[in-house]
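Trainee: Could you take me through one part of this model slowly? I would like a close look at the place where the ligand sits.

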Amino acid sequence: MEFRHLGRSGLMVSEISYGNWITHGSQVEEDAALACVRAALDSGITTFDTADVYAGTRAESVLGRALKGERREGLEIFTKVYWPTGPGRNDRGLSRKHIMESIDGSLRRLQTDHVDLYQAHRYDYSTPLEETMEAFADVVRSGKAHYIGVSEWKASQLREAHALARELRIPLISNQPQYSMLWRVIETEVIPASEELGIGQIVWSPMAQGVLSGKYLPGQPPPAGSRATDEKSGANFIARFLNDDVLTRVQRLKPLAEQAGLTMAQLAVAWVLQNPNVASAIVGASRPEQVHDNVTAAGVKLDADLLKAIDEIVEPVTERDPAKTESPAQRP
Ligand SMILES: NC(=O)c1ccc[n+]([C@@H]2O[C@H](COP(=O)([O-])OP(=O)(O)OC[C@H]3O[C@@H](n4cnc5c(N)ncnc54)[C@H](OP(=O)(O)O)[C@@H]3O)[C@@H](O)[C@H]2O)c1
């Protein structure tokens, strides 16, 4: 495993992190979840990402059980707040009330007294940013989180939050956006602003939820047991990539991966790590073999000709519109 600094901070993260959205407490049984976390630890992954909302809070509990007994100082545990965790009007968003209540719930479920990074899972247009940042400052000062991050915030929102974080003297060090060969929204504005501010990206769905592994074939039903067959939630999220144009182009990447001596999954994960503002790629997995496949992308360098050939194939189906990742106008 290789390690990078998260933004302009002293915190180091593994280039590949493990995330448990959709899988733990939902798509996969507990023993498979525990086996994936074991595989991640055995492969040198030290950074784990979850959120209060995943599987209706069950994903945090699974991760807490999976990491129990590990040396806490050897791990970086990240969670998030914003999406609804209960039926009430205040069980969501970035109000002081919800942040203070949600961090305590997350720590209880994760069985730890602090998280390394506490992230705003989206921007909350219904709460003054000052209120949110002051609540985060209290979370940091109480020792419940070491660093603060955000997820899918626009360049202008990052700038505003960064200025407040400086005033409050708390470390706002990361953004967590979707980023893959097929989803490149952050390249035009978010990455340049982040480089200027010292914010690093921890990117999600680097494999476009499994699509870039090449296992979904155009005109064919999805493979048994894959996310596209998970009617509980996965199928809905991956649907945006499952059309014949995307899938045909993904198949055209196969000879490029072979020439480079990589599996398709390694190529996809290595691709996001070529961007120096990306500190870590958060991969998901429903089986331990996938974790073993994906971690070998750490430290891989892709040459300029290969990157150009990839761009030529995927460009017509690449998403670049920032409107596609805008936070909800109203609290969900
Ligand atoms: N901040 C946010 O708003 C946000 C949103 C989404 C995700 N995230 C974070 O990002 C993490 C990763 O997201 P993701 O799960 O969509 O990432 P991903 O790595 O793009 O997709 C993971 C899925 O792809 C399939 N897969 C993985 N490795 C494979 C391999 N080697 N060969 C074939 N298939 C493979 C598995 O699904 P199947 O086996 O079921 O097909 C696996 O669950 C999440 O857990 C979460 O921590 C954050």
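Trainee: Which strand and which helix each supply at least two residues of the shell around the ligand?

Mentor: Happy to, and please keep in mind that this is a predicted model. The two elements you are after are strand E10, residues 278-283, and helix H11, residues 288-295. Helix H11 gives the largest share of the shell, with three residues.

Let's start with the strand, since E10 belongs to a barrel. Eight strands close into that barrel, and their order is E3-E4-E5-E6-E7-E8-E9-E10. The strands pair in the parallel sense. On average, neighbours in this sheet are turned by 30 degrees against each other, with direction ignored. As general background, the strands of a sheet pair through backbone hydrogen bonds, and they do so either parallel or antiparallel. For one pairing in detail, look at E4, residues 47-49, beside E5, residues 76-81: three parallel bridges join these two strands. Within that pair, Phe-48 stands opposite Ile-77 of E5.

Now to the ligand itself. The space that the ligand takes up is the largest pocket. Around the ligand there are 35 residues, and those that come nearest are Asp-49, Ser-205, Lys-215, Arg-227 and Ser-286.

Next, have a look at some polar atoms. Asn-20 places a polar backbone atom 3.0 Å from an oxygen atom of the ligand. Met-207 also uses its backbone, with an N or O atom lying 3.0 Å from a ligand oxygen. With Asn-294 it is the side chain that takes part: one of its N or O atoms is 3.0 Å from a nitrogen atom of the ligand. As for how covered the ligand is, it exposes 910 Å² when taken alone, and the protein buries 96% of that area.

Technical notes:
Residues are numbered from 1 along each chain as its sequence is written. This is a predicted model: local features need pLDDT of at least 70, side-chain atom pairs count only at pLDDT 80 or more; totals for chains, interfaces and linings use all residues. Side-chain values use heavy atoms; hydrogens and water are left out. Two strands pair if DSSP finds at least two bridges between them. Helices (H or I, at least four residues) and strands (E, at least two) are DSSP runs, numbered from the N terminus. Axes are lines fitted to C-alpha atoms, for helices over the stretch in contact, and angles run from 0 to 180 degrees between N-to-C directions. A residue is near a molecule or strand if one of its heavy atoms lies within 4 Å of it. A polar contact is a pair of N or O atoms within 3.5 Å; within protein, one must be able to donate a hydrogen and the other to accept it, and residues adjacent in sequence count only if both atoms are side-chain atoms. Accessible areas come from the Shrake-Rupley method with a 1.4 Å probe; for residues, only the protein chains shown count as cover. On a 1 Å grid over the protein atoms alone, a cavity is a set of points where a 1.4 Å probe fits but cannot get out, and a pocket is an open set with protein on both sides within 12 Å along at least five of seven lines; lining residues have an atom within 4 Å of a point. A molecule sits in a cavity or pocket if more than half of its atoms lie within 2 Å of its grid points.
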